Amino acid sequence: MLRGKHGYHPALLAGLVSGSLCVGTIVCPWSRVPFSGQAFPPLTETSVDVLVQDTRLYQLAERISVQVMAGEPTRQTIGSATVIKRQGSVYWVLTNAHVLRADPGPYWVQTSDGQVYAALPVENIPFNDADLAVLAFDSPQTEYAVVAPGGGGQVGEVVYAAGFPIAFDSEAPPRFTLQRGQISLFLPKPLAGGYQVGYTNPVASGMSGGPVLNAQGQLLAINGMHSEALWGDPYVFMDGTLPEANLKAELSRYSWGIPISAARSLWSSTVSLSGNK
């Protein structure tokens with residue numbers, strides 16, 4: 001239902017919110033107010049139709065997701081990122097370290113309104129070997145939404161994975177995608193890179209760095225690894241031990257994210273566009 005090849009179809013969702021469903025707390029496209037730059041308050045509706053809930057999550061996720069691009073003068077999308085913090089006119093976006101390793105830069109981010117900003121890596125953040133990295137960009141004219149951090153999540157909980165999948169067989173620019181699923185596994189210890197949350201949501205190349213949200217629109221994890229990984233063997237625990245064969249087979253069936261507990265220090269840090277904390 002409502003899912004195209006890569007997830008929810010934007011035109012269909014736009015039609016839904018422009019019709020009779022565009023009531024109550026749903027934000028209609030024509031009634032959007034300037035972004036406050038503050039974190040979205042948690043959604044509290046529990047009795048609304050799932051479709052309405054999914055539509056609102058789509059809008060929220062689209063606002064706090066950005067494309068990460070690299071290169072000059074030709075820029076190519078290399079992944080996704082999540083707007084997690086605002087400090088004055090400077091915004092922090094959280095992505096995967098492997099996204100930035102894919103290209104030495106310079107880096108750019110494209111926000112939900114189509115604007116492109118130069119972005120600088122923020123260095124010296126103690127992620128403790130988690131596959132995470134931060135970019136910062138300056139937007140003195142336009143305010144953007146930032147995501148609210150959530151808790152750890154539970155097995156069986158409905159979650160939403162977002163990002164910009166790259167179609168390597170097409171020159172069309174990546175389109176924002178939201179995938180609905182649920183947490184299927186929460187490992188007692190993380191895999192290499194800090195991956196600890198497994199979920200059923202289909203995740204494709206290009207969605208690395210995108211958010212994993214709970215039904216209240218809070219950030220639970222950062223996307224970073226799709227199911228059936230094609231290269232290497234990512235199913236090794238961070239402490240160097242290996243999972244049993246049955247568990248490894250199960251791990252390969254899920255997409256994986258890094259819980260935001262690995263990045264909690266970000267919310268108490270400051271940054272300048274010199275790239276130094």
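Okay, so the second largest pocket holds about 350 Å³ of space. Keep in mind that we're looking at a predicted model here. Which residues sit nearest the centre of that pocket? They're Arg75, Gln76, Thr77, Ile166 and Pro174, out of 18 residues that line the second largest pocket. Two elements, strand 3 (65-70) and strand 4, each give two or more residues to that lining. Strand 4 is the top contributor, with three residues. As for chemistry, the lining of the second largest pocket has nine nonpolar residues, six polar ones and three charged ones.

By the way, how do you find empty space like this? Rolling a probe the size of a water molecule over the atoms shows where empty space is left.

Right, on to the largest pocket. Its volume comes out at about 510 Å³. The lining here is made of 24 residues, and the ones closest to the centre are His98, Ser208, Gly224, Met225 and His226. Where in the fold does this lining come from? Strand 4 (76-87), helix 3 (97-101) and strand 14 (218-225) each supply at least two residues. And which element gives the largest share of the lining of the largest pocket? That's helix 3, with three residues.

If you sort the lining of the largest pocket by type, you get 14 nonpolar residues, eight polar and two charged.

One thing to look for on the screen: strand 4. You'll find strand 4 among the contributors to the largest pocket, and strand 4 also gives the most to the lining of the second largest pocket. So have a look at strand 4 in the model, and that's me done.

Definitions and conventions: Residues are numbered from 1 along each chain as its sequence is written. This is a predicted model: local features need pLDDT of at least 70, side-chain atom pairs count only at pLDDT 80 or more; totals for chains, interfaces and linings use all residues. Side-chain values use heavy atoms; hydrogens and water are left out. On a 1 Å grid over the protein atoms alone, a cavity is a set of points where a 1.4 Å probe fits but cannot get out, and a pocket is an open set with protein on both sides within 12 Å along at least five of seven lines; lining residues have an atom within 4 Å of a point. Grid points are joined across faces, edges and corners, and a volume is the space filled by probe spheres set on the points. Helices (H or I, at least four residues) and strands (E, at least two) are DSSP runs, numbered from the N terminus. Ala, Val, Leu, Ile, Met, Phe, Trp, Tyr, Cys and Pro count as nonpolar, Asp, Glu, Lys and Arg as charged, and the others, Gly among them, as polar.
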